[in-house]
Protein chains: 4
Amino acid sequence: MSGTPAPPDIIRAAYAELTVTDLAAARWFYVDVLGLVVTAEEPGALYLRAFEEYLHHSLVLRAGESPALVRLGYRVRAPEQVAVAETYFRALGARTERVAAGATRGIGEAVRVEDPLGFTVEFFYGATHVDRFTQAYHLHGANAIARIDHFNVLVPDVRAATAYYRDLGFGVSEKIEDDEEHLYAAWLYRKPTVHDIALTGGDGPRLHHVAFAANERHQILHTCDVLGSLRAEQHIERGPGRHGVSNAFYLYLRDPDGHRIEIYTSDYYTGDPDNPTVRWDVHDNRRRSFWGHEVVPSWYSEGSTVLDLNGRPRPLTAPTEQREASVTIGADGFGEVASDGGPGTGFKLGHQS
Amino acid sequence: MSGTPAPPDIIRAAYAELTVTDLAAARWFYVDVLGLVVTAEEPGALYLRAFEEYLHHSLVLRAGESPALVRLGYRVRAPEQVAVAETYFRALGARTERVAAGATRGIGEAVRVEDPLGFTVEFFYGATHVDRFTQAYHLHGANAIARIDHFNVLVPDVRAATAYYRDLGFGVSEKIEDDEEHLYAAWLYRKPTVHDIALTGGDGPRLHHVAFAANERHQILHTCDVLGSLRAEQHIERGPGRHGVSNAFYLYLRDPDGHRIEIYTSDYYTGDPDNPTVRWDVHDNRRRSFWGHEVVPSWYSEGSTVLDLNGRPRPLTAPTEQREASVTIGADGFGEVASDGGPGTGFKLGHQS
Amino acid sequence: MSGTPAPPDIIRAAYAELTVTDLAAARWFYVDVLGLVVTAEEPGALYLRAFEEYLHHSLVLRAGESPALVRLGYRVRAPEQVAVAETYFRALGARTERVAAGATRGIGEAVRVEDPLGFTVEFFYGATHVDRFTQAYHLHGANAIARIDHFNVLVPDVRAATAYYRDLGFGVSEKIEDDEEHLYAAWLYRKPTVHDIALTGGDGPRLHHVAFAANERHQILHTCDVLGSLRAEQHIERGPGRHGVSNAFYLYLRDPDGHRIEIYTSDYYTGDPDNPTVRWDVHDNRRRSFWGHEVVPSWYSEGSTVLDLNGRPRPLTAPTEQREASVTIGADGFGEVASDGGPGTGFKLGHQS
Amino acid sequence: MSGTPAPPDIIRAAYAELTVTDLAAARWFYVDVLGLVVTAEEPGALYLRAFEEYLHHSLVLRAGESPALVRLGYRVRAPEQVAVAETYFRALGARTERVAAGATRGIGEAVRVEDPLGFTVEFFYGATHVDRFTQAYHLHGANAIARIDHFNVLVPDVRAATAYYRDLGFGVSEKIEDDEEHLYAAWLYRKPTVHDIALTGGDGPRLHHVAFAANERHQILHTCDVLGSLRAEQHIERGPGRHGVSNAFYLYLRDPDGHRIEIYTSDYYTGDPDNPTVRWDVHDNRRRSFWGHEVVPSWYSEGSTVLDLNGRPRPLTAPTEQREASVTIGADGFGEVASDGGPGTGFKLGHQS
């Protein structure tokens with residue numbers, strides 16, 4: 001890194017802005033069903049936060065022609081880190097754009113960049129403070145969401161993307177590899193949880209999902225129950241279940257535009273500098289579901305289009321190496337065969353979910 | 001029913017006896033993993049109960065050549081009801097056998113019958129009392145099981161089987177039908193829960209599963225976590241999830257011999273005489289999973305062999321009418337297509353689990 | 001019992017009618033905070049039910065001059081059991097009154113009696129059916145209540161009251177006694193839970209509380225959190241905690257008029273005829289709180305006035321024998337001293353709550 | 001701070017060493033009941049950790065003549081920070097002692113200091129890594145503890161102690177004050193939770209408690225149930241309940257020597273630099289219990305003796321200003337009277353717990 005400017009001091013994944021084609025349908029999903037708090041509403045946009053958040057928003061929904069990820073937002077540790085970020089990305093040859101406070105409602109002065117992975121990313125410090133509803137329990141539904149947790153993105157070259165994020169100061173908590181050290185996916189963090197960003201191999205750049213954290217598992221189960229009650233169970237794509245990677249209890253939903261949202265609880269503390277990186281073998285069926293459940297094909301193959309700084313969709317690049325789904329899932333859509341099925345040995349039949 | 005003797009006054013589903021081919025492996029599964037309490041152990045047999053039970057056992061595992069259901073046991077309300085049962089089944093033309101107290105360890109005088117559906121069923125009142133471990137919390141694992149709940153059996157003609165059980169005094173809590181009133185499955189009870197017996201259409205007579213009740217959902221989730229920890233996740237066949245039918249939170253396991261065990265919580269009170277029967281349309285994807293998850297094919301097609309009073313396997317009869325899986329699951333193993341996928345309308349794509 | 005008419009076949013505790021002095025305040029407490037469903041609302045009265053109930057109501061709140069219990073309602077197994085009840089209570093010398101369907105909105109033909117313990121009790125079968133919201137999860141708050149569970153009443157002579165209820169066909173699940181077999185409290189049931197009625201020694205007749213069942217403990221904890229959020233924590237009288245007796249997880253609230261409401265989960269199945277009666281020694285600090293917590297004095301001493309068939313308050317009779325609070329709680333309001341405090345021995349200091 | 005050396009870069013509260021008078025009794029409490037994992041055992045000492053920890057220990061129990069706190073351990077971010085700490089404390093005039101790796105089994109080179117508040121505190125980076133049992137679910141009891149969370153200490157001057165810790169780089173998450181800005185207690189953090197250290201006003205220096213984090217509330221409830229089952233409920237001092245301060249769900253236990261242990265879950269993220277400090281009025285009954293429960297007097301008045309670097313007990317200094325208990329709790333041991341008791345107004349009667 002000698003000669004390279006210092007990277008900005010990033011605190012954490014802070015917000016995402018998505019375009020949605022039907023803002024009323026999106027409001028139904030994120031506010032009525034998931035219970036996110038409306039900080040502000042204006043023609044064409046909704047600014048939402050979770051109950052324990054005091055920054056203006058962690059999710060912006062903006063009406064648009066087609067569904068897409070407009071921007072991922074990372075918060076930096078101090079106002080002057082915005083300029084640090086600008087310098088850093090310029091040195092990388094990335095296109096950058098300084099925006100004034102309020103360019104995104106509730107967000108202070110910021111720099112937006114087209115990062116080397118193809119994502120539009122904003123770095124900001126300033127943000128409007130709003131009420132933290134941690135103890136406003138009378139407003140919490142049975143599926144209350146606490147805070148945004150992380151982003152997960154599809155990239156064609158996970159190894160290169162990991163190197164990029166490590167240079168930005170992220171630590172690697174977990175990864176999926178094979179015996180040839182092909183890297184299928186990686187989880188990286190700034191705040192002391194398992195991740196602020198996960199890198200999943202696939203056609204990219206695309207957004208795989210935005211994840212929010214809940215406090216207890218029953219809150220996640222309740223979201224499923226509510227969707228069933230509303231005959232809207234088609235919004236449940238995968239789970240609930242336990243991830244092998246990260247140990248978190250998860251649920252994947254698809255919003256009315258197909259954007260994928262994860263609700264997530266109980267990962268673990270990673271804040272010590274020697275936090276061990278956990279390596280999962282790509283053939284261990286427990287890596288994606290600790291209970292051995294198959295991964296539905298759509299979860300591997302689908303993601304949200306990413307927009308550049310001009311709002312134009314980014315072209316996709318396919319991986320040049322083998323994909324996780326193809327090495328673990330056969331043509332029938334199911335996983336590898338267990339070696340023998342006896343207690344405590346072998347892998348589960350992917351299909352026996 | 002005029003001219004027919006009165007049926008016995010059945011309290012509830014009380015115990016099942018299974019043959020297992022490797023008693024040590026079965027002990028690992030039922031005692032080490034599931035935490036059932038060993039009431040008695042003898043060469044070739046294990047007598048197990050759950051934490052809130054004070055009768056001698058709710059599950060007998062007996063070493064045998066091949067896995068099978070030996071017998072389902074119903075408890076009757078008084079000692080003299082054993083003779084009532086004998087008279088009733090003789091009048092039905094069923095083969096019956098009176099056995100002395102202790103014929104099954106811990107069980108009093110009983111009558112065993114080959115019921116009209118082809119199952120060997122025992123009716124008993126007397127049973128040895130043992131300690132109820134309800135408040136022995138220091139012995140409860142994180143996946144503690146409270147009590148046996150019900151049996152689920154595969155029968156070729158659900159309508160005829162339902163009539164047989166209604167004559168025995170069972171109420172129908174829920175059922176799956178189509179618009180032509182073809183009955184695909186039915187749930188019937190004596191104790192005031194959703195069921196003591198469920199009737200599932202399929203090649204029969206076979207045992208679909210024996211179900212145990214837990215008190216809270218996290219206890220069921222923990223069983224999955226333990227199986228993952230032990231690299232024994234292949235024992236998880238389906239779930240955890242929420243049933244549409246019965247509303248219960250479920251998990252289906254397969255023991256080392258392939259016997260299916262359900263762990264189950266939170267069904268509802270049915271004890272008033274006018275308890276409404278819930279009818280589910282066979283095309284409603286929420287009937288088997290309220291969250292719209294596909295049902296794995298093995299769950300529909302596999303079951304345990306049933307033995308007659310002489311310990312010989314019962315031959316199977318196939319349904320003459322269409323099966324639930326064939327009307328709801330295509331050749332690809334997945335469910336019906338949703339009508340349009342908009343919020344609050346249509347059914348879920350079975351595959352989007 | 002020879003020569004006595006047969007008692008009515010009671011199914012369960014079904015509803016209570018309370019007078020409240022401020023119906024709007026009561027609505028806030030029962031509907032806004034506890035989440036009970038409003039079946040019907042009319043000037044001067046509210047008819048409420050819990051989410052899993054399909055009968056018209058389990059709680060009636062009626063505006064009145066002073067807070068009181070108007071009536072306890074038991075459901076009987078068939079319409080003709082109403083007349084059986086009338087005959088039975090007349091034979092006991094009790095004052096009875098037949099009322100037409102609709103005398104209480106939603107309730108069919110019934111008989112009301114002034115029972116020998118001094119309570120006004122109604123026996124009914126007919127009731128209007130309404131939607132069961134078991135699976136209307138989008139309407140369930142995080143503190144959702146499933147169904148009414150039991151009544152608890154203060155009576156001066158627990159032994160006599162127990163005999164009265166046993167004659168009515170109730171079984172005794174648990175009791176608190178001392179070595180002289182003085183009976184301080186008893187729990188009796190018809191439906192197969194620990195109780196439909198609890199008898200607590202004290203000045204009587206008074207209502208101690210009406211109890212509702214929730215499905216899981218976190219739902220009960222959430223009610224506390226909501227009350228804290230609303231700065232209405234003074235409505236929490238005792239708990240949450242675990243009862244020794246009944247094993248249930250409990251919370252006692254006081255409504256704006258001082259009526260005591262219990263929210264309760266996880267008692268156990270009692271439906272077999274030989275269900276063992278659990279005897280607790282009055283000196284075991286775990287009987288009222290399995291965790292050894294002191295019982296607040298108000299919980300022992302306060303209760304709701306009971307009205308007769310004419311709506312006049314019943315006079316109170318004091319116990320002639322010693323009271324539970326006086327044998328276990330000293331003048332300082334705290335419990336007995338532990339013998340030594342070592343692990344696994346002795347009783348807890350009541351004050352060390 | 002000009003002229004003062006830089007403080008060490010502290011990561012978090014890492015371990016405590018306690019002397020216990022009966023190591024077998026302590027083992028029963030911490031290992032058999034609480035389920036902490038034994039990393040190492042030697043004559044006279046036990047080294048324990050929680051399930052998600054990979055450092056050698058978070059609690060050392062050492063046999064001694066009388067119960068005391070030997071040392072609090074903070075982990076610093078890098079090996080060279082040990083020397084930074086030494087320099088910093090020498091400049092403060094504190095007595096310091098460098099110790100070689102292994103001076104405490106499993107801990108690398110360290111510096112121990114007698115801090116200005118009178119506590120013996122160790123700063124270390126190096127530590128032996130052991131297996132992280134996060135996913136060893138088959139070893140987790142129903143009351144599994146995840147990790148150490150914080151220390152709470154009694155100090156006579158909370159304002160001065162807060163200034164000392166702020167100089168060390170800690171942020172203030174919450175505090176209890178009165179209108180005269182008398183500071184009764186403060187919570188300070190390095191890792192992004194509510195605290196690594198809490199400062200409670202009282203005779204000091206003494207240890208108030210060591211706190212461990214669990215993942216969900218039911219795990220904390222289970223510890224109470226286990227203690228009841230073992231007739232060891234006298235170890236429960238306070239709770240379970242919800243703190244107003246920190247929002248965490250808590251339980252306070254006393255070990256066989258009287259050391260106080262908190263089990264704790266669900267506080268909130270504090271990792272952004274502008275995390276708002278929450279101020280609680282000392283007269284708000286919800287500050288210590290969000291549910292308005294009284295605080296038992298022992299909780300305010302009792303604490304563990306602190307040893308100096310030579311193992312000699314530290315003398316105590318009493319506060320010169322009013323104590324929290326005396327301004328909020330009357331001579332009867334109970335709290336302030338509510339203003340009127342109407343819904344949503346006033347404070348709870350402390351006694352109505």
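Here are some notes on the predicted model above, point by point.

1. Ground rules. This is a predicted model, where local features need pLDDT of at least 70, side-chain atom pairs count only at pLDDT 80 or more, and totals for chains, interfaces and linings use all residues. Residues are numbered from 1 along each chain as its sequence is written, chains are lettered from A and ligands numbered from 1 in the order in which they are written, and side-chain values use heavy atoms, with hydrogens and water left out.

2. How chains A and C relate. A turn of 180° with a shift of 0.0 Å along the axis lays chain A on chain C, at an RMSD of 0.0 Å (least-squares superposition on the C-alpha atoms of residues with pLDDT of at least 70 in both copies). The two copies are thus related as by a two-fold rotation axis. In chain A, the C-alpha nearest that axis belongs to A:Ala142, 1.9 Å from it. Both copies use the same surface: 100% of the contact residues of chain A recur in chain C (contact means heavy atoms within 4.5 Å).

3. The eight-stranded sheet of chain A. The strands run in the order S2-S3-S4-S1-S5-S8-S7-S6, as an open sheet with mixed pairing. Strands here are DSSP E runs of at least two residues, helices are H or I runs of at least four, and both are numbered from the N terminus; two strands pair if DSSP finds at least two bridges between them. Strands S2 (37–42) and S6 (96–99) of chain A are at the edges with a single partner strand each, so one side of each has no neighbour in the sheet. On average, neighbouring strands of this sheet are turned by 20° against each other, direction ignored (axes are lines fitted to C-alpha atoms, for helices over the stretch in contact, and angles run from 0 to 180 degrees between N-to-C directions). For a look at the register, take strands S3 (residues 45–49) and S4 (residues 59–63) of chain A: they run antiparallel and are joined by four bridges, with A:Tyr47 opposite A:Val60.

4. The sheet in chain D, and a helix on it. Chain D also has an open sheet of eight strands, ordered S2-S3-S4-S1-S5-S8-S7-S6 with mixed pairing. S6(D) and strand S7 (residues 110–114) of chain D run antiparallel, with four bridges between them; D:Thr96 has D:Val113 as its bridge partner. Helix H2 (residues 81–91) of chain D packs on this sheet, touching strand S5 (68–76), S6, S7 and strand S8 (120–124), and its direction makes about 160° with that of S6(D).

5. A covered strand, S15(A). How many residues of strand S15 (residues 249–254) of chain A are buried? Six of its six are, where buried means under 20% relative accessible area, exposed over 50% and partly exposed in between, with a 1.4 Å probe and protein chains only. A:Phe249, A:Leu251 and A:Leu253 are buried on one side, and A:Tyr250, A:Tyr252 and A:Arg254 on the other. In a regular strand, side chains alternate between the two faces of the sheet.

6. Partners of S15(A). Strand S14 (residues 236–242) of chain A runs antiparallel to S15(A) and is joined to it by four bridges, one partnership being A:Arg242 with A:Phe249. Their hairpin has six residues between the strands, and A:Ser246 there takes a positive phi near 80°. Six bridges join S15(A) to the antiparallel strand S16 (residues 260–265) of chain A, where A:Tyr264 stands opposite A:Tyr250. That hairpin has five residues between the strands, and A:Gly258 has a positive phi near 95°.

7. Aromatics. The whole structure holds 68 aromatic pairs over all chains (Phe, Tyr or six-membered Trp rings with centres within 6.5 Å; planes under 30 degrees apart are stacked, over 60 edge-to-face, the rest tilted). One of them is C:Tyr74 with C:Phe151, edge-to-face at 5.6 Å centre to centre and 75° between the planes. C:Tyr74 lies in strand S5 (residues 68–76) and C:Phe151 in strand S9 (residues 147–155) of chain C, so the pair ties together parts 77 residues apart in sequence. C:Tyr74 is buried at a relative accessible area of 0%, and C:Phe151 is buried at 0% too.
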